Amino acid sequence: MASDAVRTAQLRIAIARFGEMDRRKWWNTKGLLSDVGELALSRGFSKTHVFARCRAAFAVAGVRSDEVFNPPASFTLWRLPVEIEDRIEDAWATWLEEPEPWKELVTRVDSHANSEPLIALQELGLVSAATCEKASKLRRADDLRSVPLKMAGESVEEAIELLAAAYSSSETGKLAVPFIREEEFPK
């Protein structure tokens with residue numbers, strides 16, 4: 001489904017922006033998904049800079065998340081089942097033709113980047129109230145580097161929303177990586 005690819009990309013954009021060094025300090029990008037990043041990359045990538053910025057931010061967030069906590073046989077927001085990642089890749093090529101909605105989303109996310117992640121995700125319409133409720137009850141594991149998520153009948157879309165919303169368990173400068181065990185991930 002293309003819509004789950006869109007929602008996953010939107011959630012990744014939001015969390016990638018929240019985690020930048022000029023915001024929550026979870027990974028080593030600074031303003032890449034802000035107007036600073038736009039200024040830096042729009043000259044070389046006039047039409048597609050928003051996608052170049054997003055790809056770079058996703059890559060850095062994924063690597064940093066793996067450095068902090070890389071559970072075996074598990075999924076994170078940055079490493080989802082292959083079929084979902086394939087749908088995102090397939091959709092990405094079509095999004096390149098119409099970058100304006102994505103530029104607008106990045107601008108909207110940036111305008112909320114100083115807010116608490118859960119509040120911002122809900123105000124941006126990226127997660128449901130039910131997901132926010134679940135995420136607000138989550139706690140970091142004893143290692144303080146992870147947030148284990150237990151699935152109980154959620155859909156794939158709800159699971160991905162929860163992976164994003166669970167970043168709210170992290171503190172500024174103290175990343176805790178939300179994850180779902182492979183056997184628990186919805187089919």
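With which side chain does the side chain of E20 make a polar contact of 2.8 Å? The partner is T29, and the pair offers a handy way into this structure, which is a predicted model. Across the protein chain the pLDDT averages 91, and 92% of the residues score at least 70. Confidence isn't even along the chain, though: strand β3 (residues 177–181) has the highest mean, at 98, while α2 has the lowest, at 58.

Back to E20, which sits in the loop between α1 and α2. With a relative accessibility of 0%, E20 counts as buried, since the cut-off for that label is under 20%. Besides the link to T29, the E20 side chain has a polar contact with the side chain of R17, at 2.9 Å. Once residues up to four places away in sequence are set aside, E20 still touches K25, W27, T29, K30, G31, L32 and L33.

T29 lies in the loop between α1 (2–18) and α2 (35–42). This residue is buried too, on account of its 8% relative accessibility. Neighbours within four places in sequence aside, the contacts of T29 are E20, M21 and V60. One of these, V60, falls within helix α3, which covers residues 49–68.

K25, one of the residues touched by E20, belongs to the loop between α1 and α2. What is the phi of K25, which is not a glycine? The value is positive, about 60 degrees. That stands out because most residues other than glycine have a negative phi. As for accessibility, K25 has a relative accessible area of 41% and is therefore partly exposed. L144 is another such case, with a positive phi near 65 degrees in a residue other than glycine. L144 is located in the loop between α7 (129–136) and β2 (146–148), and its relative accessible area of 49% makes it partly exposed.

Turning to helix packing, how do α3 and α4 run relative to each other? The axes of α3 (residues 49–68) and α4 (residues 82–95) come within 12 Å and cross at roughly 155 degrees. Angles over 145 degrees count as roughly antiparallel, so that is how α3 and α4 are arranged. On the α3 side, the contact is made by F51, C54, R55 and F58, and on the α4 side by E89, W92 and W95. Sorted by type, the residues of this contact come out as 5 nonpolar and 2 charged, with no polar ones.

Methods:
Residues are numbered from 1 along each chain as its sequence is written. This is a predicted model: local features need pLDDT of at least 70, side-chain atom pairs count only at pLDDT 80 or more; totals for chains, interfaces and linings use all residues. Side-chain values use heavy atoms; hydrogens and water are left out. Axes are lines fitted to C-alpha atoms, for helices over the stretch in contact, and angles run from 0 to 180 degrees between N-to-C directions. Helices (H or I, at least four residues) and strands (E, at least two) are DSSP runs, numbered from the N terminus. Angles under 35 degrees count as roughly parallel, over 145 as roughly antiparallel, 65 to 115 as roughly perpendicular and the rest as oblique. Contact means heavy atoms within 4.5 Å. Ala, Val, Leu, Ile, Met, Phe, Trp, Tyr, Cys and Pro count as nonpolar, Asp, Glu, Lys and Arg as charged, and the others, Gly among them, as polar. Buried means under 20% relative accessible area, exposed over 50%, partly exposed in between (1.4 Å probe, protein chains only). pLDDT is the predictor's confidence in each residue, from 0 to 100. A polar contact is a pair of N or O atoms within 3.5 Å; within protein, one must be able to donate a hydrogen and the other to accept it, and residues adjacent in sequence count only if both atoms are side-chain atoms.
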